[in-house]
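Visitor: Could you take me through the part of this model where the ligands sit? I'd like a close look, with the contacts and the backbone around them.

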Amino acid sequence: MTPMIVEHPLLQHKLSILRNKQTGTKEFRDLVGEIATLLCYEATRDLPLEEVEIETPITMAKTKVLAGRKLALVPILRAGMGMLDGMLTLLPAAKVGFIGLYRDEVTHEPHEYYCKLPDNKDGVTIVVDPMLATGGSAAAAISMLKARGLKNIRFMCLVAAPEGVKVMNDEHPDVPVYTAALDEKLNEHGYIVPGLGDAGDRIFGTH
Ligand code: PRP
Ligand code: URA
């Protein structure tokens with residue numbers, strides 16, 4: 001599936017500030033949340049609606065609300081946590097699960113250290129992580145969700161590399177990918193070029 005690149009001007013402007021190495025921790029963290037909100041708007045564009053009848057101060061009216069309301073968000077720890085509050089701004093009633101993965105610095109293979117998922121077998125689950133680099137972490141997280149019976153899964157990131165998109169297409173062709181940018185490539189350390197550096201370190205002020 002071709003990734004959905006969200007090219008809204010507000011989002012692209014914020015992403016440029018995010019990429020700048022001069023941007024400090026507080027501004028970086030705020031921007032990750034704001035961009036997540038804007039991406040969330042796109043990633044939920046096709047959610048089903050149902051008709052309800054309500055009474056306005058003027059008259060009875062048939063209006064629309066989200067059908068089912070079964071939505072879950074799953075940030076990949078740590079960096080995905082930076083996107084969670086921005087998503088909850090639009091989806092305040094969503095269930096939240098967590099997957100802890102870290103990437104080995106040498107092999108770039110993901111290692112699981114935590115998993116707590118909501119029961120959302122009939123609903124839409126959005127996995128969030130700022131970076132889709134080799135794709136190892138996202139693909140592993142989605143396999144963990146599928147192993148627990150979750151089906152309708154979407155993946156949302158801020159910056160994707162072609163290598164990661166290919167892995168997602170090969171391993172999870174049923175999972176749509178939403179991103180603010182599709183960058184050029186990975187460097188020899190597995191970092192996205194031009195990218196924005198280490199997302200977790202920049203969000204949490206570590207090195
Ligand atoms: C980063 C990022 C993704 C992963 C992407 O996390 O947040 O989870 O790397 O790389 P991949 O596509 O090659 O798997 P990291 O492992 O650095 O952990 P952190 O979020 O705790 O900093
Ligand atoms: N993880 C990050 O945080 N940044 C990258 O560029 C690649 C993986």
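Guide: Here's a walk through the two ligand sites, followed by the strands and loops that go with them.

Keep in mind that this is a predicted model. Let's begin with ligand 1. There are 14 residues around ligand 1, and Arg103, Asp129, Thr134, Gly135 and Ser137 come nearest. By class, the shell around ligand 1 splits into six nonpolar, five polar and three charged residues.

Now for the polar contacts. Thr134 puts a polar side-chain atom 2.5 Å from an oxygen atom of ligand 1. Ser137 also uses its side chain, with an N or O atom 2.6 Å from an oxygen atom of ligand 1. Ala79 works through its backbone instead: an N or O atom there lies 3.0 Å from an oxygen atom of ligand 1. As for burial, ligand 1 taken alone exposes 500 Å², and the protein buries 89% of that. The space that ligand 1 takes is the largest pocket. Which elements give two or more residues to that shell? They are S6, strand S9 (131-132) and helix H4 (136-147).

On to ligand 2. The residues around ligand 2 are Arg103, Met131, Ala133, Gly190, Tyr191, Ile192, Gly197, Asp198 and Ala199. You'll spot Arg103 in that list, and Arg103 is also among the residues that come nearest to ligand 1. The shell around ligand 2 comes out as five nonpolar, two polar and two charged residues.

Here the contacts to look at run through the backbone. Ile192 has a polar backbone atom 2.8 Å from an oxygen atom of ligand 2. A backbone N or O atom of Ala199 lies 2.8 Å from an oxygen atom of ligand 2. With Gly197, the ligand atom is a nitrogen: a nitrogen atom of ligand 2 is 2.8 Å from a polar backbone atom of that residue. On its own, ligand 2 exposes 240 Å², of which the protein buries 88%. The space taken by ligand 2 is, again, the largest pocket.

Next, follow Arg103 back into its strand. Strand S6 (residues 98-103) pairs with strand S7 (residues 110-116) in the antiparallel sense, over six bridges. Within that pairing, Arg103 stands opposite Pro110 in S7. The hairpin of S6 and S7 has six residues between the strands. His108 is in the loop between S6 and S7, and His108 has a positive phi of about 65 degrees although it is not a glycine.

Two peptide bonds deserve a look as well. The one from Leu77 to Arg78 is cis, with omega near -5 degrees. Arg78 sits in the loop between strand S4 (71-77) and helix H3 (81-90). The other runs from Val193 to Pro194 and is also cis, with omega near 0 degrees. Pro194 has its place in the loop between strand S13 (192-193) and helix H6 (199-204). Why point these out, along with the phi? Because most residues other than glycine have a negative phi, and most peptide bonds are trans.

So if you're turning the model on screen, Arg103 is a handy place to start: Arg103 is in the shell of ligand 2, is among the residues nearest to ligand 1 and stands opposite Pro110.

Methods
Residues are numbered from 1 along each chain as its sequence is written. Chains are lettered from A and ligands numbered from 1 in the order in which they are written. This is a predicted model: local features need pLDDT of at least 70, side-chain atom pairs count only at pLDDT 80 or more; totals for chains, interfaces and linings use all residues. Side-chain values use heavy atoms; hydrogens and water are left out. A residue is near a molecule or strand if one of its heavy atoms lies within 4 Å of it. A polar contact is a pair of N or O atoms within 3.5 Å; within protein, one must be able to donate a hydrogen and the other to accept it, and residues adjacent in sequence count only if both atoms are side-chain atoms. Accessible areas come from the Shrake-Rupley method with a 1.4 Å probe; for residues, only the protein chains shown count as cover. On a 1 Å grid over the protein atoms alone, a cavity is a set of points where a 1.4 Å probe fits but cannot get out, and a pocket is an open set with protein on both sides within 12 Å along at least five of seven lines; lining residues have an atom within 4 Å of a point. A molecule sits in a cavity or pocket if more than half of its atoms lie within 2 Å of its grid points. Ala, Val, Leu, Ile, Met, Phe, Trp, Tyr, Cys and Pro count as nonpolar, Asp, Glu, Lys and Arg as charged, and the others, Gly among them, as polar. Two strands pair if DSSP finds at least two bridges between them. Helices (H or I, at least four residues) and strands (E, at least two) are DSSP runs, numbered from the N terminus.
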